[in-house]
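I am opening my notebook on a new structure. I will take one topic at a time and write down what I look up.

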Amino acid sequence: MKIRLCYASTRNESSTDLIEDLSSILNMARDFNEKNAIFGVLYYANNHFFQCLEGDKEIVLELFDRIKLDLRHYNIIEFEVIDIDQVIFKNWSMKYVQNGSKIELFFKNLGLEVFTPSALNEDNLIILLNELASEKQTRIRRKMGLNQRGVTSYL
């Protein structure tokens, strides 16, 4: 049986490098998920993570138990786990979507100025998932200083 499990959490700010954290999470997730036929999306904004996992019930629940132990986040909000016939994120072992206009607009329509996962409920969660599915995948890039871009300082 396949399920969809979505959760949100707050980023632990004692972890100093957000880009490194996101890259690590995505690399590990994509590797594991590809081997285990798990699909999903990760969204990060306003110091909060949102993730949706779709796949075999036993594997997803075991994975989520391990995710809950990750010290990079806390205040985990787990949404209702539902049985599904088909996955929304079938093209991605773990899609990453950064803060974008569609998602910002979605939360503004809820009367919120910023991404606020605690405002999600079972009715608007599926709308958010469809918005995330329609967004383009985002690549995580480190900000480069002048030296890494081939610019030579003459001072």
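**Entry 1: the overall layout**

I start at the N terminus and read off the elements of the protein chain as β-α-β-β-α-β-β-β-α-α. That gives me four helices and six strands. I note here that the model is predicted. Next I look up burial for the protein chain, which has 155 residues, and find that 39% of them are buried. I also look at contacts between residues at least 6 apart in sequence. Of these, 80% join residues at least 24 apart.

**Entry 2: helices α1 and α2**

I remind myself that two packed helices are described by the angle between their axes and the distance between the axes. My first pair is α1, residues 18-36, and α2, residues 57-67. At what angle do the axes of α1 and α2 cross? I read roughly 160°, and the axes come within 12 Å. An angle over 145 degrees counts as roughly antiparallel, so α1 is roughly antiparallel to α2. The crossing of α1 with α2 is right-handed.

Which residues meet here? From α1 I list F32, N33 and N36, and from α2 I list I59, L63 and R66. I sort the residues of this contact by class: three are nonpolar, two are polar and one is charged.

**Entry 3: helices α3 and α4**

I move on to α3, residues 101-109, and α4, residues 122-134. Their axes are 9 Å apart, and the packing angle is about 165°. This makes α3 roughly antiparallel to α4. I look up the handedness too, and α3 and α4 cross in a right-handed way.

For the contact, I write down K102, I103, F106 and F107 on the α3 side. On the α4 side I have N124, I127, L128, E131, L132 and S134. By class, this contact has six nonpolar residues, two polar and two charged.

**Entry 4: the cysteines**

I recall that a disulfide is a covalent bond between the sulfur atoms of two cysteines. How many disulfides does the structure hold? I find zero. C6 is in no disulfide, and the nearest cysteine sulfur to its own is that of C52, 3.1 Å away. Why is there no bond from C52 to C6? The cut-off for a disulfide is 2.5 Å, and the sulfur of C52 is 3.1 Å from that of C6, so the two are too far apart for a bond.

I check burial for both cysteines. C6 has a relative accessible area of 2%, so I enter it as buried. C52 is at 0%, so C52 is buried as well.

**Entry 5: G55**

I find G55 in strand β3, residues 48-56. Is G55 buried or exposed? Its relative accessibility is 1%, so G55 counts as buried. I set aside residues up to four places away in sequence and list what G55 touches: M1, K2, I3, A37, I38 and V60. I then look up G55 against L5. They are 50 residues apart in sequence, and their C-alpha atoms are 8.9 Å apart in space.

**Entry 6: S93**

S93 sits in the loop between β5 (82-84) and β6 (95-98). Its relative accessible area is 19%. The limit for buried is under 20%, so S93 is buried. I leave out neighbours within four places in sequence and record its contacts as R30, N33, E34, I38, F39 and G40.

**Entry 7: L71**

L71 is in the loop between α2 and β4. With a relative accessible area of 70%, L71 is exposed. I look up L71 with N12: they are 59 residues apart along the chain, and 7.1 Å separates their C-alpha atoms.

**Entry 8: two positive phi values**

Which residues here have a positive phi without being glycine? I note N46, with phi near 50°. I also note N75, with phi near 50°.

Where are they placed? N46 is in the loop between β2 (39-45) and β3. N75 lies in strand β4, residues 73-78. I finish with accessibility. N46 has a relative accessible area of 42%, so I enter N46 as partly exposed. N75 is at 51%, so N75 counts as exposed.

How values were computed
Residues are numbered from 1 along each chain as its sequence is written. This is a predicted model: local features need pLDDT of at least 70, side-chain atom pairs count only at pLDDT 80 or more; totals for chains, interfaces and linings use all residues. Side-chain values use heavy atoms; hydrogens and water are left out. Axes are lines fitted to C-alpha atoms, for helices over the stretch in contact, and angles run from 0 to 180 degrees between N-to-C directions. Helices (H or I, at least four residues) and strands (E, at least two) are DSSP runs, numbered from the N terminus. Angles under 35 degrees count as roughly parallel, over 145 as roughly antiparallel, 65 to 115 as roughly perpendicular and the rest as oblique. A crossing is left-handed if the near helix is turned anticlockwise from the far one by less than a right angle, and right-handed if clockwise. Contact means heavy atoms within 4.5 Å. Ala, Val, Leu, Ile, Met, Phe, Trp, Tyr, Cys and Pro count as nonpolar, Asp, Glu, Lys and Arg as charged, and the others, Gly among them, as polar. Buried means under 20% relative accessible area, exposed over 50%, partly exposed in between (1.4 Å probe, protein chains only).
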